[in-house]
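Biologist: Could you teach me to read helix packing in a model of two chains? I would like the general idea and then the case at hand.

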Amino acid sequence: MPTAHLLGPALALSGILFSLGVAGILLRRNAIVLFMCVELMLNAVNLAFVALAQVHGASGHIMVFFVMTVAAAEAVVGLAIILAIFRHKQSVDLGNINLLQG
Amino acid sequence: MLDTVFYILAFAAVVGAAMCILQRSPVVSAMWLMSTMFSLACIYVLLNAELIGVLQVLVYVGAILVLFLFVIMLLNLGKADRDLRGPSSLAATVVIVGLLLVELASIWRYDPRRLAVEVTGAAQADPSMVFAGARATDAAIQSHGVVGGLAAPLFQQYLVPFEITSILLLTALVGAVVLAKRRI
């Protein structure tokens with residue numbers, strides 16, 4: 001089942017999803033939605049890896065494993081940080097979290 | 001036929017992602033993100049990555065998104081009053097996303113033949129000759145199955161990164177407990 005001619009469209013879809021993730025990060029203030037946008041961007045990168053793995057072989061698939069693991073670790077630690085911040089501030093709005101601003 | 005399926009799934013994925021960043025309620029955002037991830041899992045299967053498609057559903061939808069929903073419900077977040085940022089962020093978004101979309105105009109037309117021509121620099125190049133890795137992977141999947149064809153390089157060529165990944169997961173586990181626990 002050769003679908004390698006879908007390489008270009010798959011890469012384009014990956015780019016569109018990544019752009020939407022960037023747009024979400026720039027537009028939203030809710031920290032949890034921000035993490036969802038990061039997951040969206042990681043998914044877009046995975047799609048690019050899978051699309052190019054049709055040409056380059058299994059290393060693309062294996063890289064997706066590692067990206068998924070890093071995404072899981074990042075989500076766990078990030079959500080734990082959000083929980084800790086929520087206990088202090090009673091809010092996850094990034095506009096209220098400005099302790100590091102000089 | 002496969003192309004039509006791909007474009008339908010791609011449309012569903014883009015709509016899901018757009019709704020995810022536009023919805024005000026975090027729970028609704030998570031649900032739209034879930035639909036995007038399911039569409040992507042189907043696209044992975046279309047692109048001959050069946051194992052990755054299954055892992056996408058298991059890890060992303062089954063673990064990560066459920067974790068997001070747990071935290072949203074734990075924090076009891078309603079709809080925020082002012083969730084979108086101001087006009088300067090909107091301008092930055094338009095510029096950055098516009099630049100990314102301009103780049104897509106050339107990516108759209110790529111196929112393996114053009115990629116092979118650009119990699120070798122020759123006027124004519126056969127992609128199956130240039131990229132030997134794809135043929136080796138196809139042969140491995142034919143003889144060992146979908147899982148076996150990927151397991152062999154994962155546990156031979158990429159063994160050290162695999163072990164480092166386990167350390168990363170252990171670190172994340174300990175870090176999450178330390179961060180989220182009130183008193184250790």
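Modeller: Gladly! Two packed helices are described by the angle between their axes and the distance between the axes. Here, helix 3 of chain A and helix 3 of chain B have axes that come within 11 Å and cross at roughly 5°. That makes helix 3 of chain A roughly parallel to helix 3 of chain B (angles under 35 degrees count as roughly parallel, over 145 as roughly antiparallel, 65 to 115 as roughly perpendicular and the rest as oblique). Axes are lines fitted to C-alpha atoms, for helices over the stretch in contact, with angles from 0 to 180 degrees between N-to-C directions. Helices are DSSP runs (H or I, at least four residues), numbered from the N terminus.

This is a predicted model, where local features need pLDDT of at least 70 and side-chain atom pairs count only at pLDDT 80 or more, while totals for chains, interfaces and linings use all residues. Residues are numbered from 1 along each chain as its sequence is written, and chains are lettered from A and ligands numbered from 1 in the order in which they are written.

Biologist: Which residues make the contact of helix 3 of chain A with helix 3 of chain B?

Modeller: Two residues are in contact if their C-beta atoms, placed from the backbone, lie within 7 Å. Helix 3 of chain A brings residues including A:H61, A:M68, A:V76 and A:F86, and helix 3 of chain B brings residues including B:I52, B:V59, B:L67 and B:L75. By class, this contact has 18 nonpolar, one polar and no charged residues. Ala, Val, Leu, Ile, Met, Phe, Trp, Tyr, Cys and Pro count as nonpolar, Asp, Glu, Lys and Arg as charged, and the others, Gly among them, as polar.

Biologist: At what angle do helix 3 of chain A and helix 8 of chain B pack?

Modeller: The angle is about 10°, with the axes 9 Å apart. That makes helix 3 of chain A roughly parallel to helix 8 of chain B. Among the residues that meet there are A:F66 and A:V77 from chain A and B:P161 and B:L168 from chain B. This contact divides into 16 nonpolar, three polar and no charged residues.

Biologist: How many residues does each chain give to the whole contact?

Modeller: Chain B gives 75 residues and chain A gives 66 residues. On the chain B side, helix 4 supplies the largest share, eleven residues. That side has 59 nonpolar, ten polar and six charged residues.

Biologist: How should I read a nonpolar core?

Modeller: In soluble globular proteins, nonpolar side chains tend to be buried together. A nonpolar core is a set of buried Ala, Val, Leu, Ile, Met, Phe, Trp, Tyr and Cys residues joined through C-beta atoms within 7 Å. The largest one here has 72 residues, and A:I32 and B:L47 are among those that touch the most other members. Helix 2 of chain A gives the largest share of this core, 19 residues. Leaving aside neighbours within four places in sequence, A:I32 is in contact with residues including A:I82, B:P26 and B:F68.

Biologist: And backbone angles: is B:N48 buried or exposed?

Modeller: B:N48, with a positive phi near 65° in a residue other than glycine, sits in the loop between helix 2 and helix 3 of chain B. B:N48 is buried, with 21 other C-beta atoms within 10 Å (buried means 20 or more, exposed 12 or fewer, partly exposed in between, with C-beta atoms placed from the backbone). A:Q90, also not a glycine, has a positive phi of about 55°. A:Q90 lies in the segment after helix 3 of chain A and is exposed, with 9 other C-beta atoms within 10 Å.

Terms used: Helices (H or I, at least four residues) and strands (E, at least two) are DSSP runs, numbered from the N terminus.
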